[in-house]
Amino acid sequence: MARKSARKSARKSARKSAARPASRSDKSERERIIDAFMTLLAEKAIDRAVLAGGDADMDEEPPRERLFDVLMRRLELLAPYKDAVRSLMRSAARNPGLALALNSLAVRSQQWMLTAADIGASGPRGLLRAQGLALLFASVLRTWINDDDEGLAPTMAALDRALARGQRWSGFLDDLFRIPASACRLRPRGRGRRGRRDADEDTVAA
């Protein structure tokens with residue numbers, strides 16, 4: 001009878017343990033790394049570190065070179081969290097909700113990266129630039145997470161190609177934003193309130 005009670009007690013304890021959420025000490029090392037990385041993202045610590053580490057010698061360089069320098073600095077700061085980034089990218093590929101949340105964080109961060117490179121990141125045009133850069137940077141991350149080269153040569157080559165694509169896309173975007181202004185300049189004169197009134201008077205006179 002005592003043995004039976006002991007087994008019942010053991011089963012109850014096991015059920016309670018299973019129902020209880022895992023404590024921090026029960027988490028795997030991978031989960032702890034991801035938690036630390038997500039906390040870092042939430043606090044924007046990576047963004048601050050990139051902004052604080054600017055190189056004054058880059059001020060006279062073309063925008064693409066400045067952005068290359070900023071994004072390589074970001075990758076250097078992310079290096080201790082490479083395993084977490086790899087795991088998050090795998091999870092995001094299977095979880096659309098997580099992918100959207102990470103994209104929102106990425107767009108906000110890339111607005112700061114554009115600002116650090118002294119490239120316009122405000123308004124609708126800046127937001128579109130940041131979204132495009134977030135997508136380009138994600139493609140570079142796929143190379144970076146598997147790059148074991150000490151000098152990160154494959155990553156630098158991937159980033160250079162991505163920025164070349166981005167430069168063409170940004171040029172197209174600039175052209176697109178010029179269209180409304182051009183349309184306004186081409187609009188016939190005298191179509192305002194006075195022009196409409198004159199037209200009405202001509203109609204009546206006829």
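Does Leu152 count as buried or exposed, and at what relative accessibility? In this predicted model, Leu152 counts as buried, because its relative accessibility of 14% falls under the 20% limit. The views below begin with this residue.

**View 1. Leu152 in the loop between α7 and α8.** The backbone of Leu152 adopts a positive phi of about 55°, although the residue is not a glycine. Leu152 is placed in the loop that joins α7 to α8, and its relative accessibility is 14%.

**View 2. Asp118 in the loop between α6 and α7.** Asp118 is also not a glycine, yet its phi is positive, at about 60°. The residue is found just after α6. Asp118 is exposed, because its relative accessible area of 63% is over the 50% limit.

**View 3. Helix α6 and its N-terminal cap.** Helix α6 covers residues 96-116; its 21 residues should span 30 Å at 1.5 Å a residue, and the end C-alpha atoms are indeed 30 Å apart. The N-terminal end is capped by Asn95, which places a side-chain oxygen 3.1 Å from the backbone nitrogen of Gly97. The buried residues of this helix are Leu102, Val107, Ser109, Gln110, Met113 and Leu114.

**View 4. The largest pocket and its lining.** The space in this pocket amounts to about 580 Å³. Among the 21 lining residues, Met89, Leu102, Ala106, Ala138 and Leu141 are the closest to the centre. The lining is made up of 16 nonpolar, three polar and two charged residues. At least two lining residues come from each of α2 (29-42), α4 (63-78), α5 (82-94), α6 and α7 (123-144). Helix α6 makes the greatest contribution, with seven residues. Leu102, one of the residues closest to the pocket centre, is also among the buried residues of α6.

**View 5. Helix α7 and the largest nonpolar core.** Helix α7 has 22 residues and extends 30 Å from its first C-alpha to its last, close to the 32 Å expected at 1.5 Å a residue. Its buried residues include Arg129, Leu133, Phe137, Val140, Leu141 and Trp144. The largest nonpolar core comprises 29 residues, and those with the most contacts inside it are Leu67, Leu71, Leu75, Leu114, Trp144, Leu159 and Leu163. Two or more core residues are given by each of α3 (45-52), α4, α6, α7 and α8 (153-186). Helix α7 gives the most to this core, with eight residues.

Terms used:
Residues numbered from 1 in each chain as written. Predicted model: local features only at pLDDT ≥ 70, side-chain atom pairs only at ≥ 80, totals over all residues. Heavy atoms only, no water. Helix = DSSP H or I, 4+ residues; strand = E, 2+ residues; numbered from the N terminus. Expected span 1.5 Å × (residues − 1). Buried < 20%, exposed > 50% of the residue type's maximum accessible area, 1.4 Å probe, protein only. Polar contact = N/O pair within 3.5 Å; in protein donor to acceptor, adjacent residues only side chain to side chain. 1 Å grid on protein atoms, 1.4 Å probe; cavity = no way out; pocket = protein on both sides within 12 Å on 5 of 7 lines; lining within 4 Å. Points joined across faces, edges and corners; volume = space filled by probe spheres on them. Nonpolar A, V, L, I, M, F, W, Y, C, P; charged D, E, K, R; others polar. Core = buried A, V, L, I, M, F, W, Y, C linked by side-chain atoms within 4.5 Å.
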